[in-house]
Amino acid sequence: RGRLRVLVADVSDASTTTVGVVSWVLLADGWRTLRPRRHDGIDRVELSRVGPGDLARELAPVLAEVTG
């Protein structure tokens with residue numbers, strides 16, 4: 001039904017670029033966030049229910065990682 005993808009990048013230093021991504025998908029019963037996870041050496045995606053009010057909380061760690 002829809003998706004929201006936020007890409008945050010620090011390109012202030014040409015030799016080092018830091019990028020963070022937040023991905024949400026809109027299903028028939030609401031929004032889900034997609035988070036990368038590594039379990040037993042295998043890359044996976046965790047799908048969790050979220051609401052529009054959760055966007056700031058989801059973005060905060062990504063912004064901190066990129067700008068910090």
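This passage walks through the helix, the nonpolar core, a surface patch and two residues of the strands in a predicted model.

The helix is a good place to start. Helix α1 covers residues 55-67, and its 13 residues should span 18 Å at 1.5 Å a residue; the C-alpha atoms at its ends sit 18 Å apart, so the two figures agree. Four of its residues, E58, L59, V62 and V66, are buried. An α-helix makes a turn every 3.6 residues, so residues three or four places apart point the same way. The strands take up the other side of this packing: the buried residues of α1 pack against β1 (2-13), β2 (16-27), β3 and β4.

Much of this comes together in the core. The largest nonpolar core has seven residues: V8, V22, W24, V50, L59, V62 and V66. Two elements, β2 and α1, each give two or more residues to this core, and α1 supplies the largest share, with three. Such grouping fits a broader pattern, since nonpolar side chains tend to be buried together in soluble globular proteins. V66 shows what the contacts look like from the helix side. Leaving out residues up to four places away in sequence, V66 touches V8, A9, D10, T18, V19 and G20. Of these partners, V8 is also listed in the core.

Not every nonpolar side chain is tucked away. L27, L34, V45 and L47 make a nonpolar patch on the surface, and together they have about 340 Å² of accessible area. One of them, L34, belongs to strand β3. L34 has a relative accessible area of 30%, so it counts as partly exposed, the class between under 20% and over 50%.

Strand β4 is also where R44 is found. With a relative accessible area of 44%, R44 falls between the 20% and 50% limits and is therefore partly exposed. Once residues up to four places away in sequence are set aside, R44 touches R35, P36, R37 and H39. As for W24, a member of the core, its C-alpha atom is 16 Å from that of R44, with their positions 20 residues apart along the chain.

Finally, there is an oddity in a loop. D40 is found between β3 (30-39) and β4 (42-50). Its phi is positive, at about 55°, although D40 is not a glycine. Is this residue buried or exposed? D40 counts as exposed because its relative accessibility is 67%, and the cut-off is over 50%.

Key. Residues numbered from 1 in each chain as written. Predicted model: local features only at pLDDT ≥ 70, side-chain atom pairs only at ≥ 80, totals over all residues. Heavy atoms only, no water. Buried < 20%, exposed > 50% of the residue type's maximum accessible area, 1.4 Å probe, protein only. Expected span 1.5 Å × (residues − 1). Contact = heavy atoms within 4.5 Å. Patch = residues over 30% accessible without salt bridge, like charges linked within 9 Å, V, L, I, M, F, W, Y side chains within 5 Å. Areas by Shrake-Rupley, 256 points an atom, 1.4 Å probe, with all protein chains shown as cover. Salt bridge = Lys/Arg side-chain N within 4 Å of Asp/Glu carboxyl O. Core = buried A, V, L, I, M, F, W, Y, C linked by side-chain atoms within 4.5 Å.
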